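User: I have a chain open here and would like to go through it piece by piece. Can you help me read it?

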Amino acid sequence: MTMLPALFPYTDETTVSWCSRLARFHTNLACPNFLKMVEISQADVMGLKNPTVERLSNLTGVPGAQIMACGPQYAGDHLLTYKGETFGTKFMTRNHTTYCPACLLDDRTEEPNGERVGRLSWMFAPVRVCPRHGIFLSQRKSAGYPGRFQDMNIVAHPIRILLRRLRLPMKLRCRGCSAMSLIGCPENQVPVGWMPRMSIRPQRLVNDWVFIGFMASSQA
């Protein structure tokens, strides 16, 4: 039975992030509980084995090729493959939670219910700068196996920490309710035009942009 309406993954979205949005959209459950309900393991979602991809495709109506584009697949001992390229597992940052705090703040206004979207490009070890905002990605060691399941709604820092990392004041006028504090605000939305007021000067690393260029060409 296919869940309707179909909810398609975004370009550069991880399978975990997509499944998290699926879970909340169709069942209002957290992703781990949703996967238990449909009898798909978290490890299979991260590993994208062919039977899991086929099962997810039948369940969601999303083509298998589009699901496969959400992450690498296992290719043997300590090896992964993605879009025809094979590389070592250390090329991925599964043991660390990596994200752009600015992207996650943007998600609060751009996504329904402020869902956080996990970007696949964050998980590649050479990428240390956000291609959208030009700032360094935040990274911390994952807390055991649950932390390896990169659902940004669970593993990324709360809004207080995101604001602190971006050197933004805790009191900003909310675009949703005009309150002067984002913390405890009923709408809890990021103010309009907050990004240009940041004091961080964008830092760009050459190897990041070379790798991002490779990612873009492989998706073309």
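Analyst: One definition to start with: a polar contact is a pair of N or O atoms within 3.5 Å, where, within protein, one must be able to donate a hydrogen and the other to accept it. Also keep in mind that this is a predicted model.

User: Ok. Which side chain does T98 reach with a polar contact?

Analyst: The side chains of T98 and Q139 are joined by a polar contact of 2.9 Å, which falls within the 3.5 Å limit.

User: Where is T98, and is it buried or exposed?

Analyst: T98 is part of strand β4, residues 96-99. Its relative accessible area is 4%, so T98 counts as buried.

User: What else is T98 in contact with?

Analyst: If you leave aside neighbours within four places in sequence, T98 is in contact with T93, W122, L137, S138, Q139, Q150 and M152. Q139 from the polar contact is on that list too.

User: Zooming out. How many helices and strands does the chain have?

Analyst: There are 10 helices and 5 strands. The chain has 220 residues, and 46% of them are buried.

User: And what about the surface?

Analyst: The accessible surface is about 11200 Å², and carbon and sulfur atoms hold 54% of it.

User: What share of the contacts is between residues far apart in sequence?

Analyst: Among contacts with a separation of 6 or more, 60% are between residues 24 or more positions apart.

User: Now the sheet. What is the strand order?

Analyst: The order is β1-β2-β3, an open sheet of 3 strands with antiparallel pairing. β1 (73-74) and β3 are at the edges with a single partner strand each, so one side of each has no neighbour in the sheet.

User: How many bridges hold β2 and β3?

Analyst: Strand β2 (residues 79-82) and strand β3 (residues 85-88) pair over 4 bridges, in the antiparallel sense. T81 has T86 in β3 as its bridge partner, and L79 stands opposite G88 in β3.

User: What happens at the turn between β2 and β3?

Analyst: That hairpin has 2 residues between the strands, and K83 takes a positive phi near 50°.

User: Which other residues have a positive phi?

Analyst: Among them are E39, at about 60°, and L48, at about 50°. Neither E39 nor L48 is a glycine.

User: Where do E39 and L48 sit?

Analyst: E39 is in the loop between α2 (31-37) and α3 (42-47). L48 is in the loop between α3 and α4 (50-60).

User: Buried or exposed, for each?

Analyst: E39 has 67% relative accessibility and counts as exposed. L48, at 2%, counts as buried.

User: Next, α4. Which residues of that helix are buried?

Analyst: In α4 the buried residues are T52, V53, L56, S57, L59 and T60. Seen down the helix axis, the buried residues of α4 fall within an arc of 165°, so they line one face.

User: Why can residues spread along a helix share a side?

Analyst: An α-helix has 3.6 residues a turn, so residues three or four places apart point the same way.

User: What is on the other side of α4, and what do the buried residues pack against?

Analyst: N50, P51 and E54 are exposed on the other side of α4. The buried residues pack against α1, α2, α3 and α5 (64-68). After α4 comes G61, with a positive phi near 80°.

User: Cysteines now. How many disulfides are there?

Analyst: The count is 0. C19 is in no disulfide, and the nearest cysteine sulfur, in C31, is 5.3 Å away.

User: Why is there no bond between C31 and C19?

Analyst: At 5.3 Å, the sulfur of C31 is too far from that of C19 for a bond; a disulfide needs the two sulfur atoms within 2.5 Å.

User: Are those two cysteines buried or exposed?

Analyst: C19 is buried, at 0% relative accessibility. C31 is also buried, with a relative accessible area of 0%.

User: Last topic. Where is there a cis peptide bond?

Analyst: The cis peptide bond joins L4 and P5, with omega about 0°. P5 belongs to the segment before α1 (15-26).

Terms used. Residues numbered from 1 in each chain as written. Predicted model: local features only at pLDDT ≥ 70, side-chain atom pairs only at ≥ 80, totals over all residues. Heavy atoms only, no water. Pairing = 2+ DSSP bridges. Buried < 20%, exposed > 50% of the residue type's maximum accessible area, 1.4 Å probe, protein only. Contact = heavy atoms within 4.5 Å. Areas by Shrake-Rupley, 256 points an atom, 1.4 Å probe, with all protein chains shown as cover. Arc of directions from axis to C-beta.
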